[in-house]
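Open the model in your viewer and keep the selection box at hand. Each stop below gives a selection and then what is there.

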Amino acid sequence: MSGKLSREEYRKQKDLEAARKAGTAPAARDEEGREINPHIPQYISEAPWYINDGHASLKHQKAPRDDDRFTDEWYQRGQRAGPAATKYRKGACENCGAATHRTKDCVERPRKKGAKWTGKNIKEDEVVQRVEMDFDAKRDRWNGYDTTEHKKIYEEYEKVEEARRKLKESELDKQDAKAAAMASKMENNANEFGDSDNDDDDEEKYADKFDMPGQKVNPKTRTTIRNLRIREDRAKYLYNLDPNSAHYDPKTRSMRDNPLKDQDPSTLMYAGDNFQRYSGSTSDMANVQLFAWQAADKGSDVHLQANPTQAEMLHKKFNEKKAQQQDVNKESILAKYGGEEHLDAPARELLLAQTENYVEYSRSGRVLKGQEPVKAKSKYQEDVYINNHISVWGSFWADEKWGYKCCRSFLKMSYCTGTAGIEAQEASANILSST
């Protein structure tokens, strides 16, 4: 309540508060119709004078809700605001002509003559938004994600699964035909020679699954691990007893580095596991094996151990077809986009380091004869001198101070005095030294 109360009004107010606390009078209600606890102290229930509207309320005790400020909109990436301007506007980008960014922030291709001078091909202004986000939205890693993009992933996987199912069906049809032919052949053999041959084939078929003594076959990596060392072989850690030599791993029994680095590896009995692994035709064999595995996964009947000649020939044909396809792709790209003359250009060291232009320099670096090489230009301002200076700040250093080389002034943003300033400094230095 505003204003000073009389004695009678003050007494009535106190009686009403006592009645409300006793429960004989109804409690006061705020603007929204909710009851106010009469036992709340006055310094809490009354609003400050600068926001008091004369009504009983506890709204001033609650923090204002700012949920209305936050929206679900997101940045409009790659969109432009309306049609482009027909002529250059003052303060716009000098390169593309858009008024929403500066020239140094332009991401368009630098033009030979910008839109400021040509007035042509002025780009549209970008859509500049101010998206207000709450605490959770700022930390949501999926904020702004378009859910329709996830449907494309489902569609792509469905297409892949459909193609895989069709391929599997075709393979099963081929296998059924082969199985029928094999069954008839085995039946004929059984009638002629009995079932003893079939039993032998089964024994050979399942004998590969058992590990030999001292060996462990890993079916996932298709590698065989020898657990026992032949007793006639010397242990790897005994080739060099120096504790600082090649590291020996007792768990895997491997020594990758050469224990005798000061000797020729080709003359040694053992030069490390890496030397054995990458020497000779080991890498070629590994490439053929990798090709056989990949071809088998795609449905081809290729097995390096069963038919190594076939695998080698298929790998050779595959590399030839791959090289031909790369040449065809290269020719098609050059025919479509051009640029073949850039492929026939000389080496970069000839282009960048050597030239036929003769330039003669003095000891101080000044050009005496010929033309000085042109410096590469960039989109940023360079060699901009202020206050009549012909050098930048920091080009001179003396007495642990930086300054201008042209006038030897140590005051930044000072006016250049040229050689007169240098002579004045030298004269003052001579006077100080003489005194």
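**Overview**

Colour by secondary structure: the protein comes to 12 helices and 8 strands. These are DSSP runs, numbered from the N terminus, with helices as H or I of at least four residues and strands as E of at least two. The model is predicted, so local features need pLDDT of at least 70 and side-chain atom pairs count only at pLDDT 80 or more, while totals for chains, interfaces and linings use all residues. Residues are numbered from 1 along each chain as its sequence is written, and side-chain values use heavy atoms, with hydrogens and water left out.

Now colour by accessibility. Of the 435 residues, 13% count as buried. Buried means under 20% relative accessible area, exposed means over 50%, and partly exposed lies in between (1.4 Å probe, protein chains only). Turn on contacts, meaning heavy atoms within 4.5 Å. Among contacts between residues at least 6 apart in sequence, 30% join residues at least 24 apart.

**Stop 1: helix 1**

Select residues 7-22, which make up helix 1. The expected span is 1.5 Å times one less than the number of residues. For these 16 residues that gives 22 Å, and the end C-alpha atoms are 23 Å apart, which agrees. Step on to glycine 23, just after helix 1: its phi is positive, about 95°.

**Stop 2: aromatic pairs**

Show the rings of Phe, Tyr and Trp (its six-membered ring). The structure holds 8 aromatic pairs. A pair needs ring centres within 6.5 Å; planes under 30 degrees apart count as stacked, over 60 as edge-to-face and the rest as tilted.

Select tryptophan 49 and tyrosine 50. Their pair is edge-to-face, 5.5 Å centre to centre with 90° between the planes. Both tryptophan 49 and tyrosine 50 are exposed.

Next, select tyrosine 239 and tyrosine 270. Why is this pair stacked? The ring centres are 5.4 Å apart and the planes stand at 25°. Tyrosine 239 and tyrosine 270 are both buried. Each lies in the loop between strand 4 (223-226) and helix 7 (273-277), so the pair ties together parts that are 31 residues apart in sequence.

**Stop 3: charges over rings**

Here the test is NZ of Lys or CZ of Arg within 6 Å of the ring centre and within 35 degrees of the ring normal. Select phenylalanine 135 and arginine 139. The charged end of arginine 139 sits over the ring of phenylalanine 135, 3.7 Å from its centre. Then select lysine 401 and phenylalanine 410. Lysine 401 lies over the face of phenylalanine 410, at 5.8 Å from the ring centre.

**Stop 4: helix 8 and the core**

Select Val288, Ala292, Ala295, Val302, Leu304 and Ala311. These 6 residues form the largest nonpolar core. Such a core is a set of buried Ala, Val, Leu, Ile, Met, Phe, Trp, Tyr and Cys residues joined through side-chain atoms within 4.5 Å. Helix 8 (residues 282-297) gives the most to this core, with 3 residues.

Zoom in on alanine 292. Leaving aside neighbours within four places in sequence, alanine 292 is in contact with Val302 and Leu304.

Glutamine 289 is also in helix 8. It is buried, at 13% relative accessible area. Not counting residues up to four places away in sequence, glutamine 289 touches Leu304 and Gln305.

Move to histidine 315, in helix 9 (residues 308-337). Buried or exposed? Histidine 315 is buried, with a relative accessible area of 14%. Beyond its neighbours within four places in sequence, histidine 315 contacts Asn287, Val288 and Phe291.

**Stop 5: positive phi**

Most residues other than glycine have a negative phi. Select asparagine 387, in the loop between strand 6 (367-369) and strand 7 (396-398). Though not a glycine, asparagine 387 has a positive phi of about 55°. It is partly exposed, at 31% relative accessible area.

Select arginine 408, in the loop between strand 8 (401-403) and helix 12 (418-434). Arginine 408 is not a glycine either, and its phi is positive, about 60°. At 31% relative accessibility, arginine 408 is partly exposed.

**Stop 6: cysteines**

How many disulfides does a search of the whole structure find? The search finds 0, where a disulfide is a pair of cysteine sulfur atoms within 2.5 Å. Select cysteine 93 and cysteine 106. The sulfur of cysteine 106 is the closest to that of cysteine 93, at 3.8 Å, too far for a bond. Cysteine 93 is buried, with a relative accessible area of 0%.

End at cysteine 416. The nearest cysteine sulfur, that of cysteine 406, is 3.5 Å away, and cysteine 416 is in no disulfide. At 8% relative accessibility, cysteine 416 counts as buried.
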